Amino acid sequence: MGRRVQIALVSALALLIAAAIAAYAWDQAKADEIANGIRVEGVPIGGLTDSEAKQKLRNELVKPLEAPVTVTLEGKKYILGPKHLNVQADLQAMIDAAHRASRQGSLPSRLWRYATGDDVFDNLPAQVTYSHSGVNDFIDVVAEQIDQAATDASVEPGPSSINLVAGHDGISLDKDKLRSELNAEIGANDGRRVVRAPVRRTKPAVSTDELAAKYPTYITIDRTNFELRLWKNLKLEKTYPIAVGMQGLETPAGTYTINDKQVNPSWHVPDSAWAGDLAGKVIPPGPSDPIKARWMGFFDGAGIHGTDEISSIGSAASHGCVRMLIPDVIDLYDRVPLGTPIYIG
């Protein structure tokens, strides 16, 4: 009996060793397989060879991520393409992780899984990245094209008119919000790849309705037709006949402001050749002073003043100043504060 027991024990041991060797060999044979049920970011790769799994991951994870994302605003499109995305995928690392997941558990548990055909339910993270700095660069480019400061309403004066130029709202790209929405859309992998540009709008500081308050008084001078127009709250209040500078000494064209006001001023004679012996002198109020009643200066010695040379009104006769009839200049003087804009055309 003892001999038989020994033989039985040896036989049993041999069978166990053979079974262990077979089990080990079976386990090793499965070492290069990806277990059923393994997924990478939801993409099933169980039962595939390494090359098949790589191709599937490339098609379903990498290529969709490389697809352009379109940012839209009011009919315009801005394309975030592969250059900015710069997608990088470590396919081998994902395959290696799948193999490790396939080998999880003890040898007996793996053998049981092999025998019963059970799956390994494991969803592994994708090792795919894109350039966040490239996305930021793209956002900066979009902002440069979209951003516009608000434009205040303004006036566009002419010799005989004042035109109102409407203001425009400002617009600026909300970079932080767009960044968040782009990152969400890039990672969503849902095929849409379209984001509406989030923007903020700003109102101009001065609207068209507010222009009248900004310009309570305005003067325009029409040198061709020898007329001075006074505007109050951008509405024509009164028109006066005038004389302007003669050829070679023209009244300077442009936009200025009334920067000097005087009653019965002295004449500070310009140091110019046309002034002759009077050049550089100061002529006090009186018969010899051609500047009568009132003075409203606006630029480099040029101004508006009264004259007793009534015949010069309606002509180009002065040395650069704007001449008015004495009653008219007195009337105008009280209506025009310092700082009043004056356009000469």
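Two helix axes count as oblique when the angle between them falls outside the bands for roughly parallel (under 35 degrees), roughly antiparallel (over 145) and roughly perpendicular (65 to 115). That cut-off will be needed at two stops of this tour, which runs through a predicted model.

**The whole chain**

Begin with the entire protein chain selected and coloured by secondary structure, where nine helices and 24 strands can be picked out. Of the 345 residues in the chain, 36% are buried, and the chain exposes about 19,000 Å², with carbon and sulfur atoms supplying 53% of that area. Among contacts in the chain with a separation of 6 or more, 65% are between residues 24 or more positions apart.

**Helices H2 and H4**

Next, select residues 50-66, which form helix H2, together with residues 91-102, which form helix H4; the two pack at an angle of about 120°, and their axes lie 10 Å apart. H2 and H4 are therefore oblique to each other, and H2 passes H4 in a right-handed crossing. To see the contact itself, show the side chains of Asp-50, Ala-53, Lys-54, Leu-57, Arg-58, Leu-61 and Val-62 on H2, and those of Leu-91, Gln-92, Met-94, Ile-95 and His-99 on H4. Coloured by residue class, this set divides into seven nonpolar, two polar and three charged residues.

**Helices H6 and H7**

Move on to residues 132-146, helix H6, and residues 175-188, helix H7, whose axes come within 10 Å and cross at roughly 130°. H6 and H7 are therefore oblique to each other, and the crossing in which H6 passes H7 is right-handed. On the H6 side, display His-132, Val-135, Asn-136, Phe-138, Ile-139, Asp-140 and Ala-143, which meet Lys-175, Leu-178, Arg-179, Leu-182, Asn-183 and Ile-186 of H7. The residues of this contact divide into seven nonpolar, three polar and three charged.

**Lys-232 in strand S14**

Finally, select residues 227-232, which make up strand S14, and centre the view on Lys-232 within that strand. Lys-232 is partly exposed, because its relative accessible area is 22% and the partly exposed class lies between the buried limit of under 20% and the exposed limit of over 50%. Which residues does Lys-232 contact, leaving aside its neighbours within four places in sequence? With those neighbours set aside, Lys-232 is in contact with Pro-216, Thr-217, Glu-237 and Arg-335. As a last step, draw a distance from the C-alpha atom of Lys-232 to that of Val-336: these atoms are separated by 9.7 Å, although the two residues are 104 residues apart along the chain.

Conventions
Residues numbered from 1 in each chain as written. Predicted model: local features only at pLDDT ≥ 70, side-chain atom pairs only at ≥ 80, totals over all residues. Heavy atoms only, no water. Helix = DSSP H or I, 4+ residues; strand = E, 2+ residues; numbered from the N terminus. Buried < 20%, exposed > 50% of the residue type's maximum accessible area, 1.4 Å probe, protein only. Contact = heavy atoms within 4.5 Å. Areas by Shrake-Rupley, 256 points an atom, 1.4 Å probe, with all protein chains shown as cover. Axes fitted to C-alpha atoms, helices over the stretch in contact; angles between N-to-C directions. Left-handed = near helix turned anticlockwise from the far one by under 90°. Nonpolar A, V, L, I, M, F, W, Y, C, P; charged D, E, K, R; others polar.
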